[in-house]
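Work through these exercises with the sequence and the model side by side. Try each task before reading its solution.

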Amino acid sequence: LLSMKTTGIFNAETDVALVGAPVASSQTLLWDTTVFTGIMLMANGSDNLVETSNGTTFAATSGSPPSAPRYVEAWKNRVFLSGRDAAPLSVHYCADGDRTTWTGSDAGTEVVTSPVGDFVTGIRSLENYLAIFTQRTITVLLGDHPDDWTKRTIYEDHGCTSHRTIARVNGGLVYANDQGVWLLNADLKRMELSKEIRPYWSGDNSTETNALGVARNLGRSQFMHAVYDPTPDKNRYYIWVSEGSSTKEDVCWIFHFNTGQWSRMTTFMDADQTSQASCLREDTSGNIQVYFAAGADDNTSNNKRVYKISSAQSFASRTGGDITATLKTGILTSPYIPQVQLLGILTTKRWVDIFLKLTGTTTASQNVTYTFRGFAIDTAVDQRTISQTFTSASASIVRPRVPISVRGWGFQITMTYTGQIRHAFMGGIINFQDAVEV
């Protein structure tokens, strides 16, 4: 178990000897957490329930909680546990207000059903319901007390493949499965958020999935993880996935609730690392930031690092470790701009000239190279490449041309750098043209 201090440094927690089988190099324990009466409770499917009240001292929860739960959630003044190998479709709950009492009193167990012999893959709650996910179903508990709970299976055609993709957002729960990314609202209605990237999400490696012609790796669905930034001017859902034949969660897709659009970001990590977990954290200035941790998928490599995404228009910056001699490359893809957003006669144009101002800062005496590439969403046509080399704290302006397709238009910026990097861009449309060739 690792924790990150306010300095950004990882510490190995040895205050409690975690029980369970040793972690093999091919195994990753996917922790789940919740907060109940000021206590953080943690589960991973191998160890018994663990808790901490201060983030530095960890201990097994006392009393009689069911052993080795994978998922933990607090709802209606109770703690709920599920995902046990011994009871894969059971959801256990403690006595009212007492996380140590799991038998007698008003503690108990709810058992969900699945038409395909499924197992629970996650539990999360809103004020008015507790959602119980399997890979193929969604069941909810409604009510305030076990005596008046209503248990109802609301969907039997899909569920959630990774509990770490479930996030509370304004108006509901977001979750992901092999069919897409979805919103389950407070009225128990679902909405597909990933419609614009549906071929990509279903693993269709065609040139129409994105500008790279690479789709999501369906075999890594259980390792997807996500975080939601509720800051009003951001309001974004970030989800990390693998692409193509990759076995590393090194690509982040971002859904912008304020615009209904998706953008795609590759993350700068070492070749032997995969993005393993993500979270929100308030910095020293009181601003909410998105962090994710990366490292080798084993319990022996001492290579854990923390990265930060300050906005969807920024690449991930790194804290911890010396990377001044390491070459990094990553790609930022803009949100897809649908054709319907182009007004009037502009929808008949073939090309759009846009303005981009690129700014970057690096470690002293290091360089950054930006390569611009415009593309049409459904044709992925390459356009002229514009490269700019920056020294520390410099900026440049480019005016590239981007093709307009039937569905819309977008662009990519590839950045190569050494050292720590801060990156941002801003831009806008300056002209539309009928030109067929550039």
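**Exercise 1. Pairing of β12 and β13**

Task: In which sense do strand β12 and β13 pair, and over how many bridges?

Solution. Note that this is a predicted model.
- Step 1: Locate β12 at residues 130-134.
- Step 2: Check the direction against β13; the two strands pair in the antiparallel sense, over four bridges.
- Step 3: Pick out a facing pair. L130 stands opposite L141 in β13.
- Step 4: Look at the connection. Three residues lie between β12 and β13, and the two strands form a hairpin.

**Exercise 2. The other partner of β13**

Task: Over how many bridges do β13 and strand β14 pair?

Solution.
- Step 1: Find β14 at residues 150-155.
- Step 2: Count the bridges to β13. There are five, and the pairing is antiparallel.
- Step 3: Fix the register with one pair: T139 faces T153 in β14.

**Exercise 3. Burial of β13**

Task: Which residues of β13 point one way, and which the other way?

Solution.
- Step 1: Recall the general rule. Side chains in a regular strand alternate between the two faces of the sheet.
- Step 2: Apply it to residues 138-142, the span of β13. I138, V140 and L142 point one way; T139 and L141 point the other way.
- Step 3: Test burial, with under 20% relative accessible area as the cut-off. The residues on both sides of β13 pass: all are buried.
- Step 4: Conclude. Five of the five residues of β13 are buried, so the strand is largely enclosed by the rest of the structure.

**Exercise 4. An open sheet**

Task: What is the strand order in the open sheet of four strands, and which are its edge strands?

Solution.
- Step 1: Trace the order, β7-β8-β9-β10, with antiparallel pairing.
- Step 2: Identify the edges. β7 (71-75) and β10 (108-111) each pair on one side only.
- Step 3: Add the twist. Neighbouring strands of this sheet are turned by 25° against each other on average, direction ignored.
- Step 4: Zoom in on one edge. Strand β9 (residues 87-93) meets β10 through four bridges, in the antiparallel sense. Here V91 stands opposite E110 in β10.

**Exercise 5. The whole chain**

Task: How many strands does the protein chain have, and what share of its residues counts as buried?

Solution.
- Step 1: Count the elements: 35 strands and one helix.
- Step 2: Take the burial. Of 438 residues, 52% count as buried.
- Step 3: Turn to the surface. The protein chain exposes about 18700 Å², with 50% of it supplied by carbon and sulfur atoms.
- Step 4: Check the contacts with a separation of 6 or more. Residues 24 or more positions apart account for 54% of them.

Terms used
Residues numbered from 1 in each chain as written. Predicted model: local features only at pLDDT ≥ 70, side-chain atom pairs only at ≥ 80, totals over all residues. Heavy atoms only, no water. Buried < 20%, exposed > 50% of the residue type's maximum accessible area, 1.4 Å probe, protein only. Contact = heavy atoms within 4.5 Å. Areas by Shrake-Rupley, 256 points an atom, 1.4 Å probe, with all protein chains shown as cover. Pairing = 2+ DSSP bridges. Axes fitted to C-alpha atoms, helices over the stretch in contact; angles between N-to-C directions.
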